[in-house]
Amino acid sequence: MNISFNDLKFVHQIGQTLNLEERMRLQLAILKIQEHYIFDEVLFWGRVEGVEKDYYIALGIQYKGQYEFPLKKFFWSSNNYHFAELPKYNEEFAQRAETLREPFTGQHEHIVFRTDEEINFEDSLEIPAQLPAKNFSELERLSYIVQSIEFQCASIPVGSYRLTPTHELIKTTFKGVTAELKNYQHFRQPIRKDKQDLIARDEALYRPDFLDSLVDDTPYNQWSVQTDSTKRNITIRNLIWPGYLGYNNDYTFGYAYFGDGIKNSDFEFLL
Amino acid sequence: MEEQLQQIFNSKYKNKTLYNHFCELYYQMQENKYYNAQNLADFEDLSNFIKENRFYHIPLKSADDVNNYKDNTFPWQEYSAKLMQLIQFKVQQVNANIQNFLKLNTLLNIVGYGFNDEDAYIIQQCLKQIAQRDPNIQSARFWGKILAQQKDYFVIEVTLNKQIKEPQPPDCDEKLNEYVHYVTQDLLDDWALLPQITRRQMEASRYITNVFSGNLNKNIIQYPYFEGKEKHLLKAQILRITHANLLAPRGLYKYEDETKTLGFEDEFKMPESAELATMDAWVHLPAYILKQGRITFYEDPSLKEEELNQMKETDPEQERLKSIKDDKPFEQNEGNWLIKVFGETQQYTNQEEQALSYQVVLLRNYLWPGAVTISNSNEYLSVYFGYGLKNQQHSFNPLSPKDVQDDPEDIDEVPEPNPREQPDELEPDSDDERRREQERREAELQQQQE
């Protein structure tokens, strides 16, 4: 979501919002990211609520010079509004983190899993140094969750981006779409065969829907597309990650996450 | 004729007369050896080409734009008309206590929940409209929003002076249906009244986890069986959420055991925010719903006394106006409520040397995520924003269905009696019968001989 926060009214649909202090400090903090990094766009990604403190996530996107899909970089901050890069997570424990139901505490050093691995050096002449076990901290859990949500949910309407002949993504003038699921696609490198082929054949240059469509997402029915009374403001929500919200009207589009970072793993039983 | 032709030729199209355009066209057709116009479309193409290249081209609107123009603007017109009607709604006389949602929404915004001002204003108007509808309404408040798969529900909660007596089975509790709810899916449309629910429906709703679809008349297909449509389940969930989450500051209400009524305390002063930020200061306002689906225990006359007593023990009633500190703690937390403070936390002293703070206190329920109560030292409110689901700490385990009945035991087979065949000789059952049979056979033989 753009840091001018004009689009917050869409987020009100799920009853969440950012208060004035948060908005002001986030604007300043996100602009500050630009001092150290060069991005085409720096956006506010969302807020993950924790018990004691909340995490704010920002996203930097670089379009130019990137082949086939822009580069995304995530930044996190706690209530001190000082953004830092979101670190990589430990792959082995990351899968388990997806199904965790405990809320985030807000303290990023909080240990979620203990790794129990000790790193021993082979017999060497020097006294072997034993590195302390690197446990799976809450920050890594946050990193994994944010990247999962981005991968599974981040969606843009059809017709918002186009692929240039040099396979760069650019934003086009956006005129709005009707409120149907087929008019939305994932904002990620396409993983489905038909879209990958489309891009390889260079046909994607002429089509507005060259990224993975949301219609093919399983389990079916996880997306909820709704319009408000004016019928021009459309929001699209995901039921597996409650808190994710994509929105568009005739002038803007975007997405954000306002929630507690817990996946709704029982979704299949709920319909 | 001549004049009309002249007029047409001199008509201008972006500073170029038609005559000039035709000249260009003719020139191009001559110049270009390879140009081969076969029909009017080709001619039109050349004409467009010339227009584009001479920079006096106006791109044609696509068919979508022109055909759907009405579709695009018509909803907007409808929306504006409805909104105007709502804003101009004048309230005659309202004898009800309506929440000032517009102001309370700003409190909500401070803690990170709530709507924008326009929506809050519309909701306020809706509250007034609903109070107008029924003269029996005692108080109305905005309950919250239940999110659904296709279209969300906005809910308004209302208490009545006199209960509407609907025909209900005898084991239902009137008190359970004390809070009445109106629901709508679009704030500018009409509000629908949710039906009252029976004890069985309330009991069954505890075992179901279901995301609402958005269609009030949809059949609920879940195990255990819920007799009712989505509007009944919605009402049941709303009642559960209300009875678990509606809080009031301690000391505002008092409960008379003898008359079983709730009334206001005579002297009440809203405590300071520092005190409000502790669990001691809050109590549950509505009664606790038993597992049975009622507020007071139902003594089924068909059950025996021991069974009744057993059921009573597993399902105890809880006292009214219970402090939230005594709520069952959720997992490893102390208690069920998370308390956070937002806003201006600076302590000031006012002229009477009393501590004053403008901070806003947020109480969040762990068990029902999405249910919040907020308060500052002047007012308080409770709302719910969510899917209507409890916080499941363990994976969903569906109830196992009852055992399937076994087949009955097989009956022994006997051959079917056929009148053309003589039955097999059977052993006579007793000595008497043997004697009688023998006598009968001798008599027959004698008859045959004669």
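## A walk through chains A and B

In chain A, 60% of the contacts with a separation of 6 or more are between residues 24 or more positions apart. Keep in mind as you click around that this is a predicted model.

**Stop 1: chain A as a whole**

Select chain A and show it as a cartoon. You should be able to pick out six helices and 14 strands. Its radius of gyration is 20 Å, close to the 18 Å that the globule rule gives for 271 residues, so chain A is as compact as a globular protein of that length. Turn the C-alpha trace along its principal axes and the span is about 70 × 45 × 45 Å. If you colour by accessibility, buried residues make up 55% of the 271 residues in this chain.

**Stop 2: where A meets B**

Now bring chain B back into view and select the residues in contact across the two chains. You get 34 residues from chain A and 38 residues from chain B. How much area is buried between chain A and chain B? About 3200 Å², with carbon and sulfur atoms giving 48% of that. If you wonder about the choice of unit, the size of an interface is often given as the accessible area lost when the parts come together.

Next, look for the polar links. Between chain A and chain B there are 19 residue pairs in polar contact, counting pairs with both residues at pLDDT 80 or more. The salt bridges across this interface number three. To see one of them, select Arg237(A) and Asp152(B): their closest N and O atoms are 2.9 Å apart.

Stay on the A side and highlight strand S11 (223–227), strand S12 (234–238) and helix H6 (267–270) of chain A; each supplies at least two residues of the side that touches chain B. S11(A) gives the largest share, five residues. Colour that side of chain A by residue type and it divides into nine nonpolar, 14 polar and 11 charged residues.

**Stop 3: salt bridges**

Over all chains the count comes to 22 salt bridges. Here are a few to zoom in on.

Start with Arg47(A) and Glu49(A), a salt bridge whose closest N and O atoms are 3.7 Å apart. Buried or exposed: which is Arg47(A)? Arg47(A) is buried, at a relative accessible area of 2%. Its partner Glu49(A) is buried too, with a value of 11%.

Move on to Arg192(A) and Asp216(A), where the closest N and O atoms of the salt bridge are 4.0 Å apart. This pair links distant parts of the chain, 24 residues apart: Arg192(A) is in the loop between strand S10 (184–186) and helix H5 (193–200) of chain A, while Asp216(A) is in the loop between H5 and S11 of chain A. Asp216(A) has a relative accessibility of 42%, so it counts as partly exposed.

Hop over to chain B and select Lys103(B) and Glu379(B), whose side chains meet in a salt bridge at 3.4 Å, N to O. Here the two residues are 276 residues apart, with Lys103(B) in helix H6 (residues 101–111) of chain B and Glu379(B) in the loop between strand S14 (371–375) and strand S15 (380–386) of chain B. Lys103(B) is partly exposed, with a relative accessible area of 44%.

One more selection before leaving this topic: Glu22(A), Arg47(A), Glu49(A) and Arg364(B) are joined into one network by salt bridges that share partners.

**Stop 4: two buried residues in chain B**

Go to helix H9 (residues 230–245) of chain B and pick Asn245(B). This residue is buried, with a relative accessible area of 5%. Beyond its neighbours within four places in sequence, Asn245(B) is in contact with residues including Trp337(B), Trp368(B) and Ser382(B).

Then find Ala140(B) in strand S2 (residues 137–146) of chain B. Ala140(B) is buried as well, at 3% relative accessible area. Leaving aside neighbours within four places in sequence, its contacts include Ile98(B), Leu127(B) and Val158(B). For a long view, draw a distance from Ala140(B) to Gln422(B): their C-alpha atoms are separated by 87 Å.

**Stop 5: an unusual backbone angle**

Finish back in chain A, in the loop between strand S3 (71–77) and strand S4 (84–85), where Tyr81(A) sits. Tyr81(A) is not a glycine, yet has a positive phi of about 55°. With 11% relative accessibility, Tyr81(A) counts as buried.

Technical notes. Residues numbered from 1 in each chain as written. Chains lettered and ligands numbered in written order. Heavy atoms only, no water. Contact = heavy atoms within 4.5 Å. Buried area = accessible area lost by both parts, 1.4 Å probe. Polar contact = N/O pair within 3.5 Å; in protein donor to acceptor, adjacent residues only side chain to side chain. Helix = DSSP H or I, 4+ residues; strand = E, 2+ residues; numbered from the N terminus. Nonpolar A, V, L, I, M, F, W, Y, C, P; charged D, E, K, R; others polar. Rg over C-alpha atoms; globule rule 2.2 N^0.38 Å. Buried < 20%, exposed > 50% of the residue type's maximum accessible area, 1.4 Å probe, protein only.
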